[in-house]
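Here is a briefing on strand pairing, aromatic contacts and model confidence. Please keep the structure in view while reading.

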Amino acid sequence: MTGMTKEYENEILYHYTDFQALDGILRCAQLRVNNILNMNDAAEMRYFMNRLCDAVAGKLEQEEDLARAEAVRRLFREELEREFFHPAYAACFSLYRDDAAQWERYGNRGRGVCIAFQGRFLQQMAQGALSLQTVFYQEDMTTHNLTGIFYRLVKRKDEWSLDSADIRKAMNYAWSCSAAFKHPSFLSEREVRLVVSPFVKEYFEIKPCYHTTKERIKKYYPLDLQNMCRKIGIGWEELVPEIIIGPESTQSRSILQDYLRDNGLAGLAERVSLSNCPLRRSPA
């Protein structure tokens, strides 16, 4: 599974969130990855798969290989009926620091907080069922590497199905990539996602957890950041170079610093800053 491209190896990735989530991330050293199908952009996973199907089948139709083109469309129709067998989970980051749109959409409308992460360390942690992926925004899938993968698979076989090992592997890879796709109108976000695809391995060592609200039960996977840091040979505090208090937050910088020190994170206390973003929300 591909990870983050080398151009982002030395980048800082910014996670905009609220203070309740910050408590879980910093005090508990735990990052939750949530089910993509429960997010606002769940339909975009299906859209990605449909566009991929069109790109592969379209290439075959241009060659007048109509039998294989129809088989590809049938293959993807069957696969989309199985989408809930392939749930992906993600945590989202932006390459933009102290960004108005990110504060508004993901930082509790500017009242939240932004936690910075060292991209190179997240990349090293992304192994097995965990991958760090740059979000793909392009609607035209003809140039996506998956189009070429599926095209070569179907051209070299006279008979194939979802049950064949190479097709199954490619489909799993496609579902994982679909978790890092958004409509081109979101291109300005420059998003990177830490994606968990539990279905790509027979045994996935992280056990799922469930969060119950008054309205529904949500499934998520808790990533043990402290253990992940230990595995790549760094201290937990090295992962977080900065914490930014939102432009409309009432949070005191000094109180947040006390919170960090009292929770054994004194090294992070001096990395707390206040947003300089001139966020001006329209009246409700």
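Strand 3 and strand 6 run antiparallel and are joined by 6 bridges. The model is predicted. Its mean pLDDT over the chain is 85.

**Strand 6 and its neighbours**

- Within the pairing of strands 3 and 6, Tyr-89 stands opposite Val-196.
- Strand 5 (residues 130-134) also pairs with strand 6, in the antiparallel sense, over 5 bridges.
- Ser-131 has Val-195 of strand 6 as its bridge partner.
- Strand 6 spans residues 191-196, and 6 of its 6 residues are buried, so the strand is largely enclosed by the rest of the structure.
- Glu-191, Arg-193 and Val-195 point one way from strand 6. Val-192, Leu-194 and Val-196 point the other way. Both sets are buried, charged Glu-191 and Arg-193 included.

**Aromatic pairs**

- The structure holds 7 aromatic pairs.
- One of them is Tyr-89 with Tyr-221, an edge-to-face pair at 4.9 Å centre to centre, with 85 degrees between the planes.
- Tyr-89 belongs to strand 3 (residues 89-94) and Tyr-221 to strand 8 (residues 217-224), so this pair ties together parts that lie 132 residues apart in sequence.
- Tyr-89 is buried, at a relative accessible area of 1%. Tyr-221 is buried too, at 6%.
- Phe-93 and Phe-117 have ring centres 5.5 Å apart and planes at 80 degrees, so they too form an edge-to-face pair.
- That pair links distant parts of the chain: Phe-93 sits in strand 3 and Phe-117 in strand 4 (residues 113-118), 24 residues apart.
- Phe-93 is buried, with a relative accessible area of 2%. For buried Phe-117 the value is 0%.
- Ring pairs also link Tyr-47, Phe-48, Phe-136 and Phe-181 into a cluster.

**Charges over rings**

- Arg-32 places its charged end over the ring of Tyr-220, 4.1 Å from the ring centre.
- Arg-190 has its charged end over the ring of Tyr-96, at 5.5 Å from the centre.

**Confidence**

- In the chain, 87% of residues reach a pLDDT of 70 or more.
- Confidence is highest in strand 9 (residues 243-245), at 98. It is lowest in helix 7 (residues 165-178), at a mean of 84.
- Residues 1-6 stay under a pLDDT of 50. For this stretch the model has 20 contacts beyond four places in sequence.

How values were computed:
Residues numbered from 1 in each chain as written. Predicted model: local features only at pLDDT ≥ 70, side-chain atom pairs only at ≥ 80, totals over all residues. Heavy atoms only, no water. Phe/Tyr/Trp six-rings, centres within 6.5 Å; stacked < 30°, edge-to-face > 60°. Helix = DSSP H or I, 4+ residues; strand = E, 2+ residues; numbered from the N terminus. Buried < 20%, exposed > 50% of the residue type's maximum accessible area, 1.4 Å probe, protein only. Lys NZ or Arg CZ within 6 Å of the ring centre and 35° of its normal. pLDDT = per-residue confidence, 0-100. Contact = heavy atoms within 4.5 Å. Pairing = 2+ DSSP bridges.
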